[in-house]
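Thanks, everyone, for making the time this morning. I would like to walk you through one model, beginning with a single chain and then moving on to how the two chains meet.

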Amino acid sequence: MRPRLVSARGEDARRKPPAPARGRARAKPALVLSLPSETAYLGLVRELTKRMAEVAGFAEPVAERLALAVDEATTNVIEHAYKGASDREIELRYEDRGPDFRVELVDTGQMVDPRAVPRVDLDRFVSERRTGGLGVHLMEKIMDSVTFRRSARRNVCALVKHKDAKDAKDGEASSSR
Amino acid sequence: MSELTVESRDAGDVVLLYPKGFINAHSVRLFEAALQRAISLKQFKIVVNCAGLTYIASAGLGAMMGAIEEIRSNGGDLRLASANETVQNIFEILGFNHLYRMFSSEAEAIASFGPAQGAA
């Protein structure tokens with residue numbers, strides 16, 4: 001399975017195109033990518049996320065961190081929802097919502113309860129040789145919001161970063177719209 | 001596609017690891033193998049020179065966590081040198097900068113272990 005660009009115009013084959021908004025600004029179309037559940041594609045996910053974040057107006061160091069958060073979320077899907085199976089599909093949906101940059105990951109794997117992920121305690125990590133839970137911890141530290149929901153037998157992980165002026169590229173407003 | 005290479009060399013009783021590229025859940029096995037090779041050779045004073053490391057995800061940090069107890073219980077340590085801003089930032093986000101000593105240069109990291117034991 002190769003990565004498939006489902007749409008750069010918000011016309012995902014499984015979703016109806018959004019109806020034209022009336023009386024309010026239309027959201028920018030999403031960029032949607034479908035890729036196999038293989039760790040070999042994590043480099044691509046990272047590069048794409050960094051570029052999308054920069055296009056949305058984030059400075060490079062912030063874009064790097066956002067790329068890390070999405071890398072971690074994708075890794076979680078592969079390792080936990082799909083239990084390492086490499087023949088499944090992950091959908092990544094990037095949206096520049098003006099004040100927010102939002103990335104959704106959609107999978108059809110096993111539901112994973114993020115509340116079951118133990119909180120990171122560095123001292124215990126050393127003494128118990130634990131290595132899990134770092135990814136979710138990183139995601140929560142980097143993003144303003146990390147939510148998980150189950151909908152129509154699909155897991156949806158939504159990562160949101162607000163556009164603060166301090167995170168913006170030089171000369172750009174806090175919102176790229 | 002070569003996402004990561006890890007070369008190594010000895011400097012007295014310190015082993016230097018040179019990861020080049022990025023460490024994520026895909027490439028981490030190479031990094032883990034380099035750490036385990038040092039441990040199996042009883043080289044417990046390890047400096048990871050991060051000058052060529054562009055990025056490290058939690059998988060790489062997990063690899064270090066998985067090895068650190070054995071390294072320290074044998075009188076050694078795992079120290080880092082020459083990390084770029086991105087890598088330093090990731091360590092700081094997780095508080096790993098409190099778990100691992102970080103140095104701005106390889107020479108400082110080597111010197112931090114003190115004189116080589118058994119050296120002439």
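Of the 120 residues of chain B, 44% count as buried, and please keep in mind throughout that this is a predicted model. The C-alpha trace of chain B spans about 40 × 25 × 25 Å along its principal axes. Its radius of gyration is 13 Å, which agrees with the value near 14 Å that a compact globule of 120 residues would have. If we take the contacts in chain B with a separation of 6 or more, 68% of them are accounted for by residues 24 or more positions apart. As for secondary structure, chain B has 4 helices and 6 strands, and along the sequence they follow the pattern β-β-α-β-β-α-β-α-β-α.

Now to the core. The largest nonpolar core holds 79 residues, and those that touch the most other members are Ala53(A), Leu66(A), Ala69(A) and Ile23(B). The largest share of this core comes from α2(A), which supplies 11 residues. What does Ile23(B) contact, once its neighbours within four places in sequence are left aside? The partners of Ile23(B) include Leu4(B), Val28(B) and Phe31(B), and also Leu53(B), Ile56(B) and Ala57(B), with Ala59(B) and Gly60(B) completing the list.

Let me turn to helix α4 of chain A, residues 134-142, whose buried residues are Leu134(A), Gly135(A), Val136(A), Leu138(A), Met139(A) and Ile142(A). What covers them includes α2, β5 and β6 of chain A, together with α2 and α3 of chain B, and I will take the α2(A) packing in some detail. The axes of α2(A) and α4(A) are 9 Å apart, at an angle of about 145°, and the crossing is left-handed. On the α4(A) side the contact is made by Gly135(A), Leu138(A), Met139(A) and Ile142(A), while α2(A) contributes residues including Leu66(A), Ala69(A) and Ala73(A). The residues of this contact divide into 7 nonpolar, 3 polar and 2 charged.

Finally, the meeting of the two chains, where 22 residues of chain A are in contact with 22 residues of chain B. On the side of chain A that touches chain B, the elements giving two or more residues are α1, α2, α3 and α4 of chain A, and α2(A) gives the most, with 7 residues. By character, the residues of that side of chain A divide into 10 nonpolar, 6 polar and 6 charged.

Notes
Residues numbered from 1 in each chain as written. Chains lettered and ligands numbered in written order. Predicted model: local features only at pLDDT ≥ 70, side-chain atom pairs only at ≥ 80, totals over all residues. Buried ≥ 20, exposed ≤ 12 C-beta atoms within 10 Å, placed from the backbone. Contact = placed C-beta atoms within 7 Å. Rg over C-alpha atoms; globule rule 2.2 N^0.38 Å. Core = buried A, V, L, I, M, F, W, Y, C linked by C-beta atoms within 7 Å. Axes fitted to C-alpha atoms, helices over the stretch in contact; angles between N-to-C directions. Left-handed = near helix turned anticlockwise from the far one by under 90°. Nonpolar A, V, L, I, M, F, W, Y, C, P; charged D, E, K, R; others polar.
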